[in-house]
Amino acid sequence: MNKINELIIASNNQHKIVEIKEILGEFFKNIYSLKEKNINVEVEETGKTFEENAIIKAKYIAELTGIPALSDDSGLEVDALNGEPGIYSARYAGEPSNSTNNNIKLLKEMNGITNRNANFTSVIAICYPDGKIITSKGQTFGKILTELQGENGFGYDPLFYSNDLNKSFGLATSEEKNAVSHRARALQSLKIILDKEN
């Protein structure tokens, strides 16, 4: 297998970077975060879907650096709310965006609703400087709880009851969550695509 020399992850989220490095290390000799390359930019996500936003971010960084770039866009989709908060998951309750306010808003929106089915979706895009784009998608399914459970993870994890784990992501260890998470599944799908290409 010919390893590609470099990959930049269009993120400063340390958890994300570690997970991506572990899973994709066999395909790339060097994997960098934006910080490691001294890149300090805020790419505006103007897409209408997870895929569009992932491509916008990866493409911008690939064009800026001349190095293949990876980005993921992910969020929570609740059936009874027509897929909301979706691409607005991080800023669901408005600015300043924070998990506490987002969770409070979600609980309020779900008050009295019996269909509590939901899923986390992640779309990962790798954009190459020559314009080539690869995307993959991962999902994990569960339900929205009526109250916060656990303090692990981040974002909506304490409100998301995982069908795979039979408990909230807020009560799961990082190993448990990573084994079934939407991002881990998107990365595994990406590995299959990269395997075929090499």
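Read from the N terminus, the protein chain runs β-α-β-α-β-α-β-β-β-β-α-α, which adds up to five helices and seven strands. Helices (H or I, at least four residues) and strands (E, at least two) are DSSP runs, numbered from the N terminus. The model is a predicted one, with local features needing pLDDT of at least 70, side-chain atom pairs counting only at pLDDT 80 or more, and totals for chains, interfaces and linings using all residues. Residues are numbered from 1 along each chain as its sequence is written, and side-chain values use heavy atoms, with hydrogens and water left out.

As for overall dimensions, the radius of gyration of the protein chain is 17 Å, which agrees with the value near 16 Å that a compact globule of 198 residues would have. The radius is taken over C-alpha atoms, and the globule rule is 2.2 Å times the number of residues to the power 0.38. Along the principal axes, the C-alpha atoms fill a box of roughly 55 × 30 × 25 Å. Of the 198 residues, 45% count as buried (buried means under 20% relative accessible area, exposed over 50%, and partly exposed in between, with a 1.4 Å probe and protein chains only). The accessible surface comes to about 10,300 Å², and carbon and sulfur atoms account for 46% of that; these areas come from the Shrake-Rupley method with a 1.4 Å probe, and for residues only the protein chains shown count as cover.

Contacts (heavy atoms within 4.5 Å) reach well along the sequence: among those between residues at least 6 apart, 58% join residues at least 24 apart. On the charge side, there are 22 positive and 27 negative side chains, and the centres of the two sets lie 1 Å apart. Lys and Arg count as positive here and Asp and Glu as negative, while His and the chain ends are not counted. Each charge is placed at NZ of Lys, CZ of Arg, CG of Asp or CD of Glu.

Now for some backbone oddities. The loop between β3 (69-78) and α3 (99-109) holds proline 85, and the peptide bond leading into proline 85 from glutamate 84 is cis, with omega near -5°. Asparagine 82 lies in the loop between β3 and α3 and has a positive phi near 55° despite being a residue other than glycine. Asparagine 82 counts as exposed, at 75% relative accessibility. Asparagine 38, in the loop between β2 (28-33) and α2 (50-65), also is not a glycine and has a positive phi of about 55°. With a relative accessible area of 73%, asparagine 38 is exposed.

Helix α3 has two faces. Asn102, Asn103 and Leu106 are buried, and they sit on the same side of α3 because they cover an arc of only 95° around the axis. The arc is that of the directions from the helix axis to the C-beta atoms. On the other side of α3, Thr100, Ile104 and Lys108 are exposed. An α-helix has 3.6 residues a turn, so residues three or four places apart point the same way. The buried residues of α3 pack against β3 and β5 (133-144).

Two of these buried residues can be followed in more detail. Asparagine 102 has 4% relative accessibility and, not counting residues up to four places away in sequence, touches Ser89, Ala90, Arg91, Tyr92, Ala93 and Tyr156. Asparagine 103 has a relative accessible area of 6%. Neighbours within four places aside, asparagine 103 is in contact with Leu148, Gly155, Tyr156 and Leu159.

Elsewhere, alanine 62 belongs to helix α2 and is buried, at 3% relative accessible area. The C-alpha atoms of alanine 62 and isoleucine 8 are separated by 8.1 Å, with their positions 54 residues apart along the chain. Leaving out neighbours within four places in sequence, alanine 62 contacts Ile67, Ala69, Cys127, Tyr128 and Pro129.

Lysine 143, in strand β5, counts as partly exposed at 37% relative accessibility. Beyond four places in sequence, lysine 143 is in contact with Arg116, Asn117, Ala118, Leu159, Phe160, Tyr161 and Asn163. Lysine 143 and leucine 190 are 47 residues apart in sequence, and 26 Å apart in space from C-alpha to C-alpha.
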